[in-house]
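Please look over the sequence and the model before reading on. The paragraphs below are meant to be read with both at hand.

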Amino acid sequence: MTEPAVDEPDASAKDGEIIIRVRNLTNAFGPQVVHDKLDLDVRRGEILGVVGGSGTGKSVLMRSIIGLQEPVSGEVDVFGQPMIGRGENDAKNVRRRWGVLFQGGALFSTLTVAENVQVPLREFYRRLDPQLLDEIAAYKVAMSGLPPEAGPKYPSELSGGMRKRAGLARALALDPDLLFLDEPTAGLDPIGAAAFDELIRSLTDTLGLTVFLITHDLDTLYAICDRVAVLADKRVIAIGTIPELLALDHEWIQEYFRGPRGRAAADAAERGGHAPEPVKQGA
Ligand SMILES: Nc1ncnc2c1ncn2[C@@H]1O[C@H](COP(=O)(O)OP(=O)(O)OP(=O)(O)O)[C@@H](O)[C@H]1O
Ligand SMILES: [Mg+2]
């Protein structure tokens, strides 16, 4: 088997270009080891796709980078600052530089969309004028491609796609430099997913964001990701552009990208769109 370019931490990128640096990260729940000495670098300005089978620890990895999951051991630096073991207040200057869209959206169901967007603003800027809060929320709602009428609605009154956009609006509340997105297009129809992909790509380019994007969506990988990290065997077994990954002789990677869905996504990428909804095979 060819040794993936990337079990080695990325030596080609200069220090200042690494926004997230994970070293020797070990996560476990009781006897279940999810990550075993995992390394990962995310570069400034890139959209890094994170893929791996269900349960390989993609969400746990994200949670341990943003401080919601205390690892057994290892180091996580974000914007050059160590994150592990730092109290909420201590790391506030770093935490306010990122926005998070959790798997499933995780909006507060008792708050309207606008109020949801205001949650991080209230947390970090306690003395903001209510009118200014409303204005910022309206601006973020618009930025996420929602109509102004969505602001006063509750999450239960929105479609799945609109809920994703509302979650994105909240993730953008603090003008982040770094965005964490966990399965942002899951459950969207192909057209809705493609529109969401385009939104993320254009926001990334115009706002100069760095994006950590967990996805199962092959179309998303082809359409907007600069590099892709593959999680398997409790580590990032490979990271690179899709052509670089395709050159690796690894069973899961080959099956993933060269299986029927992978081929459909590659074809769709050549045509510049999302693959059509796959026909269910009875299973
Ligand atoms: N809070 C928790 N307590 C115990 N086990 C957990 C907890 N969170 C995650 N796990 C376990 O850790 C493993 C990795 O979970 P994780 O949610 O990161 O998977 P994932 O790669 O995001 O999967 P999916 O693609 O289905 O979202 C799973 O076996 C899961 O059961
Ligand atoms: Mg997950």
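What follows goes from the nonpolar core to helix packing, then to single residues in helices and loops.

The model is predicted. Its largest nonpolar core has 75 residues. The residues with the most contacts inside that core are L48, F180, V211, F212, L213, A229 and V230. F180 can serve as an entry point: leaving aside residues up to four places away in sequence, F180 touches M62, I66, W98, V100, L101 and F212. One of these partners, F212, is itself among the core residues with the most contacts.

The next topic is the packing of helices. Two packed helices are described by the angle between their axes and the distance between the axes. Helix α3 covers residues 113-124 and helix α4 covers residues 130-143. They pack at an angle of about 110°, and their axes are 9 Å apart. Because angles from 65 to 115 degrees count as roughly perpendicular, α3 is roughly perpendicular to α4. The crossing of α3 past α4 is right-handed. On the α3 side, the contact is made by V113, A114, V117, Q118 and L121. On the α4 side, L133, D134, I136, A137, A138, K140 and V141 take part. Sorted by class, the contact of α3 with α4 has 9 nonpolar, 1 polar and 2 charged residues.

Helix α3 also packs with α5, at an angle of about 30° and with the axes 8 Å apart. Angles under 35 degrees count as roughly parallel, so α3 is roughly parallel to α5. Here too a right-handed crossing is found, with α3 passing α5. V113, N116, V117, V119 and P120 of α3 meet A166, A169 and R170 of α5. This contact of α3 with α5 divides into 6 nonpolar residues, 1 polar and 1 charged. V113 and V117 belong to the α3 side of the contact with α4 and also to the α3 side of the contact with α5.

Within helix α5 lies G167. Is G167 buried or exposed? G167 counts as buried because it has 26 C-beta neighbours inside 10 Å, and 20 or more is the cut-off for that class. Not counting residues up to four places away in sequence, G167 touches L101, G105 and L107. L101 is also a contact of F180. From G167 to V141, 26 residues apart along the chain, the C-alpha separation is 9.6 Å.

The loop between α5 and β7 holds L172. With 23 C-beta neighbours inside 10 Å, L172 counts as buried. Its contacts, not counting residues up to four places away in sequence, are G99, K140, M143 and S144. K140 is also one of the α4 residues in the contact with α3. L172 and H35 are 137 residues apart along the chain, and their C-alpha atoms are separated by 29 Å.

D175 lies in the loop between α5 (160-171) and β7 (178-182). Unlike L172, which counts as buried, D175 is exposed, since 12 other C-beta atoms lie within 10 Å of its own. Which sign does the phi of D175 have? The phi of D175 is positive, about 50°, although D175 is not a glycine. Most residues other than glycine have a negative phi.

K234 also has a positive phi, about 70°, and is not a glycine. K234 is located in the loop between β9 (227-232) and β10 (235-240). The burial class of K234 is partly exposed, because its C-beta neighbours inside 10 Å number 18.

The last residue to visit is L207, in helix α6 (residues 190-207). L207 is partly exposed, as 13 other C-beta atoms lie within 10 Å. Where P176 is concerned, L207 is 31 residues away in sequence and 8.8 Å away in space, C-alpha to C-alpha.

Terms used. Residues are numbered from 1 along each chain as its sequence is written. Chains are lettered from A and ligands numbered from 1 in the order in which they are written. This is a predicted model: local features need pLDDT of at least 70, side-chain atom pairs count only at pLDDT 80 or more; totals for chains, interfaces and linings use all residues. A nonpolar core is a set of buried Ala, Val, Leu, Ile, Met, Phe, Trp, Tyr and Cys residues joined through C-beta atoms within 7 Å. Two residues are in contact if their C-beta atoms, placed from the backbone, lie within 7 Å. Axes are lines fitted to C-alpha atoms, for helices over the stretch in contact, and angles run from 0 to 180 degrees between N-to-C directions. Helices (H or I, at least four residues) and strands (E, at least two) are DSSP runs, numbered from the N terminus. Angles under 35 degrees count as roughly parallel, over 145 as roughly antiparallel, 65 to 115 as roughly perpendicular and the rest as oblique. A crossing is left-handed if the near helix is turned anticlockwise from the far one by less than a right angle, and right-handed if clockwise. Ala, Val, Leu, Ile, Met, Phe, Trp, Tyr, Cys and Pro count as nonpolar, Asp, Glu, Lys and Arg as charged, and the others, Gly among them, as polar.
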